[in-house]
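Trainee: I would like a close look at a single part of this model, with the terms spelled out as you go. Please take one helix pair and then set it in its chain.

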Amino acid sequence: MRTRREFLTTAAGAAALAPAVIRSTALGKDGAVAPNDRIIAGGIGLRGRGMGDLGWMLPEKDVQFVAICDAQRSARENAKKFVDQRYGNTDCKAYPEVREFLAERTDIDAILMATGDRWHALMSIWAMRAGKDVYTEKPSCMTIAEGQAVVATAKRFGRVYQTGTQRLSEGNHVFCFEMAKSGRLGKVHTAYAHIAPWDDAYMRHEWLPAQPEPPKEEVDWDAWLGPCPWRPFNASYIRGGWRGHYDFHTSCIGEWGAHTFAQAQAGLDMVHTSPVEYEYVNNTTADGMVTHFANGVKLILSRGNKYWHGSCGERFDGEKGWVAAADGYSKPDVSSPALMADFRKIVRDYMARTQRPMNHMRNLLDCVRSRRLTVANPEVMYRSMTTVHAANICMWLKRSLKFDPVKAEFVNDDEANRLRSRAMRAPYTY
Amino acid sequence: MLKLLKSATLLAALLLPAAALAGEEAQPPAKLDEAKLIAVLKSDAPQFEKAEACRLLQRCATKEAVPALAALLADEKLSHMARYALEPLTDPSAAEALRAALGKVKGRLLAGVVTSLGVRRDAKAIDALAKLLTDADTDVAQAAARALGSIGTAEAATALEAAVAKAPAARQVAFCEGLLRAAEALAAAGKKDLALGAYDILRALKPAPQQVRMGALRGVILTRGDEGLPLLLEAVRGNDGILVRAATRAAMELPGPAVVKALADELGKLPAENQILVTFVLGKRADAAAVPALLALAKKGEAAARLAAIRALPEIGSGTAAQGLLELMSDADADVAAAARDALTALESAEVDAALAAMLTGGDAKTRAAAIEMLGQRRVLGAMPALLKAAGDADEAVRIASIKCLGQSAGAAEFPALVGLLCKAKSAPELQAAEAALSAVCQRESLPGGGAVVILKAVYGALPDGPSADVTKKVAELMKGGATSVDASNANFGDPCNGIAKKFRIEFSVNGVPQTKTVNENDTVTLAGRITPPEFVDTMCAAMANAPTPAKLALMRALRSAGGPKALDAIRKATADADDEIKNVALSVLCDWPTPDALPDITKLAKTSKDARVKILSLRGWLRLIPLQEATVEEKLAALKEAMGMAERPEEKRLALAASSAIPAVESLALVVPYLSDKGLKEEAGAAVVAIAEKLVGSRPAEVGNALRKVVEETTNAQTAKRAKTLLRQAGGPPPKKR
């Protein structure tokens, strides 16, 4: 007899691979999916951005969200309330301890995760090890080694994984990638990627003043810190003040580079590698850092709005013109209006060719059923985050670096190589 | 401001004055002093300073630092940070220190040390780690299993193999993962037999978690390589969903072409649900060898599997799929036909374009027409000569398909030929297709920048109700400076409501044609009109001379789409043509001219024509163009009054009332209000009053109020009444009488 999980991917009948293969009208009235065919989902660490992701997931008719886990009581109760209100019941279970949660809920197929950055990779690994598929917010690893471990774990256990670089599933950006990859811009020689304009590449190393630790049932401070070095509690951290601290954050480069490097590398068809050279820039923000891929194409980090109008943008410069996309305006920016002529066709063809929808969450759910690789799969995450980490290390060491993407190591630079990983605090290890 | 836990001692040890830059004073320098950092560890410095010293020693430690770091491994507060520095230190003394700590620490600290030895792949630790597999502390035992897996030697694998079957449930996944890791390492080291032995143990494990079953099957298939194909196929043929998934995932990773051939050969024999999963693999592998099998399934299989097979073909990107997809486009199943069309459109291959072009010269008419349609969908610019040739095909359907395709993709170079096709059209549908194609090319190839642009009103801010700024003057300046579009941005207009997402609303006219656009912040509004290339008009006018009458009629209508003075002149001349049919169509086209440059002709016709049909057409054209002309309100009103005076039928009176609503003046209200008492026209009059009032309520509230009260009294249209009442509240004054 088959289990429900097997049925998700292999059952005969229209619902088996519904979104990927079958039009919703074939599913039944209003596209409804029978309860036992639904993807059972749970959440970990869902707050601001995570609640947005949850609001994105819950309307999907083939998902049943059943449980939330958070080391912070107020956050898990808030998420439970949100889910219960949506479903009109009180069925969503809340768990404070993640290892118990993962071990106990063997019924859960997919995990939606939006903890702080420090936990993204480790939690993804734990969830995949527990047999779950994963959607995680970005930046999805704190070190190059963590990125490699995510890739290895997903392969090892046959897991589907999507990192939250949702612009890889947005028409404006996809159009730009396709324009760059297809040769319509001529030979592309340079890409630009936006880095967060409010942060520095250099981060804080000091501890905030110690405050009394709250009761464990309110905030499990040890679990909150997870694999990071211990430091005394300060309420600022748990209110988002962890950003900018070396132990918890990946700087202005990772904050947006997690998105924009993935975007740039998608358009350059460099999702399976990383730049081989990083040129140090003598400022505090990495603005203007030039990186070089092995084929000579440059990826340049840019902090301002010189190359796009909005935020989180990327631009591709080729011999015949340029295209750019970013949040904040409704269509891509192009060097000539003629480049926009086939916008709809280009995006439509991409969707037909890849069977990927212009909906990042939907792409994950489709792949949970089909077992295909998501658009922001572990390799895409690892390679783009390697670019992030290598650029950060270049800034921290204040010297230009050469990197071997095959060996995943800096060339003749032991100090840089040591920064590819950080020892994790037990028991928060992989 | 928070007081930060900094240490003057440590900062003094770390910071090099020359390295300090603005904004990074508290940052570790590029060059570190190991001796000073070791001294911090040996001092009575507080925890933060020692932790920070360890963090910096991660970068620079040598064997000199190992004793000081090793001393901290048993320190509850600093053990982790000691590992932070020791773990990446390649000197053997670091591993020795970690191994030595195994017998000295317990619990979390021990789990941490064990993990570090695994990260370092320290083979000398295998015996000690193997003993820890039975440690009472589950965290320690699990860490030991994963560490042994990372070390991945034959000895490490042996220790795990012995332990995995006996592992308690709570430790089972960790032990299995350890063995999976070890098997991966052994396979990578070329010790395939040992790796396969490890995988076989995991495959035999019962019960085993689904992810372990998947991992074990994947591993054994990948390790065996092509020799693993029988096992892969066995899984794919079966009904164990976990193993089917594992096999298809492995098939995506397995190098070499054999796996594609094996799956392609098997595809037709599989259960439908497994066929679907295999189509995903074959698409992902992008090997053209799978195309025949996918096409076969696409032609004959269960509905969902047929669709999956078709959708895998664009991912492969081989032109060899073109003919089969073309045939599927006429499948009886509409979903299949649509999927085939989408797939063929998306299939990126020059071979497809070549195959389609070849089909134009061979095959039956249906095939030729389908090939033409796909060439259009695929925007194949190189196909223009073939398309032009096909436009002269013996089959009408092929000719029409070709002309339609040219309408979608032809440019200036093909325009004369397209005019020629129109003149030679052999049937009404063909003529119609050619006329539509000409109009489409005129529209597509028209250039921005034409037309007289008048900025009427521009507002930027948190529209509709939030703070905003009137930026009419600024936009007018930008247009005067030669811009043809305006960015709705703070850079242009400043920020009237900091931190709030803004909108930009602009009212403007191009050649007297009023338009309103609202866009989001950072969007761009194009304000200029468009000009059809003059050579297009020249070509069409020249063709008029010798074209047969039906073609002449079509050309005149196309000239209306092109617009401009030369086109108008050609139509004007045609109104005096000796051929009544040409003359009548020319008069219709003239009366329907879209821009006010035709007003003098139309007005004259309205006043002087003896032909009732022309009189009505011209009166309607006149009423339509009155508000669009560049004229004063008084001139427009005078013209409107005159035209209204000539209107005898309710249809034209309604048009007149609609025209009045586009002339926002008190005098317009005076003109319209009497019609509120006309039973047949009161609703149009009410709508006109409300439209005028919306523009005047701020400046002429009293006059607007009187007219609106009358609207509320007379209208039976709920929407009009609601709008009127809303405006009345803005205008103030007494409320309307209750009816």
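Mentor: What follows is a look at one pair of helices, then at the chain that holds the pair.

This is a predicted model, in which local features need pLDDT of at least 70, side-chain atom pairs count only at pLDDT 80 or more, and totals for chains, interfaces and linings use all residues. Residues are numbered from 1 along each chain as its sequence is written, while chains are lettered from A and ligands numbered from 1 in the order in which they are written.

The pair consists of helix H7 (residues 144-157) and helix H14 (residues 378-397), both of chain A. Helices here are DSSP runs of H or I with at least four residues, strands are runs of E with at least two, and both are numbered from the N terminus. The axes of H7(A) and H14(A) come within 9 Å and cross at roughly 175°. An axis is a line fitted to C-alpha atoms, for helices over the stretch in contact, and angles run from 0 to 180 degrees between N-to-C directions. H7(A) and H14(A) are therefore roughly antiparallel to each other; the cut-offs are under 35 degrees for roughly parallel, over 145 for roughly antiparallel, 65 to 115 for roughly perpendicular, and oblique for the rest.

On the H7(A) side, the residues that meet H14(A) are Ile144(A), Gly147(A), Gln148(A), Val150(A), Val151(A) and Ala154(A). Their counterparts in H14(A) are Pro378(A), Glu379(A), Met381(A), Tyr382(A), Met385(A), Thr386(A) and His389(A). Two residues are in contact if their C-beta atoms, placed from the backbone, lie within 7 Å. By class, this contact has 8 nonpolar, 4 polar and 1 charged residues. Nonpolar covers Ala, Val, Leu, Ile, Met, Phe, Trp, Tyr, Cys and Pro; charged covers Asp, Glu, Lys and Arg; the others, Gly among them, are polar.

Now the chain around the pair. Chain A has 15 helices and 15 strands. Its radius of gyration is 22 Å, close to the 22 Å that the globule rule gives for 430 residues, so chain A is as compact as a globular protein of that length. That radius is taken over C-alpha atoms, and the rule is 2.2 Å times the number of residues to the power 0.38. Along the principal axes, the C-alpha atoms of chain A fill a box of roughly 55 × 55 × 35 Å.

Of the 430 residues in chain A, 60% are buried, which means that 20 or more other C-beta atoms lie within 10 Å of a residue's own, whereas 12 or fewer is exposed and in between is partly exposed, with C-beta atoms placed from the backbone. Among contacts in chain A between residues at least 6 apart in sequence, 71% join residues at least 24 apart. Chain A also has a partner: 58 of its residues are in contact with 72 residues of chain B.
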